[in-house]
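Me: I would like a close look at one part of this structure, its aromatic ring pairs. Please begin with the chain as a whole, then go through the rings one by one.

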Amino acid sequence: MSDLFAPAALSVSELNHLAKTLLEDQLSGLWVGGEVSNLVKAASGHYYFVLKDQRAQVRCTLFKHAARSLAALLREGEEVEVQGRITLYEARGEFQINVQEVRRKGLGQLFEAYERLKQRLQAEGLFDPARKRPLPEAPQCIGVVTSLAAAALRDVVTTLRRRAPDVRVIVYPTAVQGAGSEFQVASAIAAAAEHGRADVLIVCRGGGSIEDLWAFNEEAAVRAVAASPIPVVSGVGHETDFTLTDFAADLRAPTPTAAAELASPNRTEQLGKMQQLLGHLRHTLQRRCTDAAQRLDWQAARLRHPRQKWQEQLGALARSRQILADSMQRHLLRKQEQLAYLAQLCRRSRPAPEAAARQLHTQAVQLNRHLATLLAHKQAQCQRQAGILAALSPQHTLSRGYSIITDRAGKVVRDAGKLHSGQVLQLRFETGTAKAQVLPQRTGQQDLFD
């Protein structure tokens, strides 16, 4: 009786679906560590592997879209930590993890975040060398983005006073470490751009651990450096420290002091160049003065009185007038000769229609006479050929008592030996036709008149 009130049994599909729902609801946001084993990459781009430790293992699936965001590819036997959706593959009832993030065990979360952001920004083109801009050779104002309490600021200011004391320096203060410091760095860079006074911008801070420098690895600070309309020199940390702002900046300096040296002109070098330019300028001016004096002397030697120049011009004008008159006279004579020649040529080429008409009439009479003679000759020749044709005509032969014998096919019979008994023949006479039949040959003497 108790079996009647027992709950209905679950189907396998219902059980697996219930287990999947419980797993996904209760186990979320967990990181699971272990060794990668049985790693397989499918043709679709998905990865399938087993994550195991010394006592257990779990199946893992890393889909193609999640694999693209990895800093490095998975390797067999590698110790990793994974995070994803812990679920159940209902079709086979297998417990598995659909992996969404992977980090190398022992490298730390900061380095993983550093590599992921670096790859993403690099794919966007923020680190492209083609975006790098040259620094101005002679900046009038240099902006410095750093903390007012940082030792890096003193190093930068000391270097700028030594190298370029005439260059103005503007400090845009910001926190360089701690929670939210990346947004302050980005705001300081934006303030420098809005201020618009600096020709070049130095973003710097002194050395420290990766945690101390982390503000310069955050996306907000990196994008602010890349978007700055002012060329940026990044001098963060020591020579061995590389931050993402170093890649986004127009120029990376190993230290804040080196950043100040790269951004500022060297006053000593500039003074030396100015001395060289001054010497070159003096030499050039001296040479030009000498050349001008020589040209003045040469022009003075060529200088003449205006009356003399006027007399020479009057003589040149008279010669030009005579040359023009002679040229016009020769041209007129040449044209008169051409006109006389053309008139004579025209007279010679004038048509004579009366003579041409007489010649045409004479040629017409000769042509008619020739045609009459030719026609009579051709008619006589045609009559001769007609007589010859009539003499050779078969009809003429038939008129003399001959006949033409043909078989049913219309072929002429020329050999009696080829005829056979009963064969019907066609006989053609001068007038009319008749049919005949071949009789069998008789043996013995036949009556002559049979």
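Reply: The secondary structure of the chain, which is a predicted model, consists of twelve helices and 13 strands. Its radius of gyration is 61 Å, whereas the globule rule gives 22 Å for 450 residues, so the chain is more spread out than a compact globule. The extent of the C-alpha trace along the principal axes is about 160 × 150 × 40 Å. Of the 450 residues, 26% are buried. The accessible surface of the chain is about 31,600 Å², and carbon and sulfur atoms supply 56% of that surface. Among contacts with a separation of 6 or more, 60% join residues that are 24 or more positions apart. As for charge, the chain has 58 positive and 44 negative charges, and the mean positions of the two groups lie 22 Å apart.

Now to the rings. The chain has two aromatic pairs. One of them joins Phe127 and Phe247, with 5.6 Å from centre to centre and 40 degrees between the planes. That angle makes the pair tilted, because this class takes in the angles that are neither under 30 degrees nor over 60. Phe127 sits in the loop between helix 3 (109-124) and strand 6 (141-146), while Phe247 belongs to helix 7 (residues 244-248). The pair therefore ties together parts of the chain that are 120 residues apart in sequence.

The two partners differ in exposure. Phe127 has a relative accessible area of 11% and is buried, because buried means under 20%. Phe247, at 26%, is partly exposed.

The other pair is that of Phe242 and Phe247. Here the ring centres are 6.3 Å apart, which is inside the limit of 6.5 Å for a pair. The planes of Phe242 and Phe247 are 25 degrees apart, so this pair counts as stacked. Phe242 has a relative accessibility of 43% and is partly exposed.

Phe247 thus takes part in a tilted pair with Phe127 and in a stacked pair with Phe242. Together, Phe127, Phe242 and Phe247 make up one aromatic cluster. Within this cluster, Phe127 is buried, whereas Phe247 and Phe242 are partly exposed.

Notes:
Residues numbered from 1 in each chain as written. Predicted model: local features only at pLDDT ≥ 70, side-chain atom pairs only at ≥ 80, totals over all residues. Heavy atoms only, no water. Helix = DSSP H or I, 4+ residues; strand = E, 2+ residues; numbered from the N terminus. Rg over C-alpha atoms; globule rule 2.2 N^0.38 Å. Buried < 20%, exposed > 50% of the residue type's maximum accessible area, 1.4 Å probe, protein only. Contact = heavy atoms within 4.5 Å. Areas by Shrake-Rupley, 256 points an atom, 1.4 Å probe, with all protein chains shown as cover. Lys, Arg positive; Asp, Glu negative; His and termini not counted. Charge placed at Lys NZ, Arg CZ, Asp CG, Glu CD. Phe/Tyr/Trp six-rings, centres within 6.5 Å; stacked < 30°, edge-to-face > 60°.
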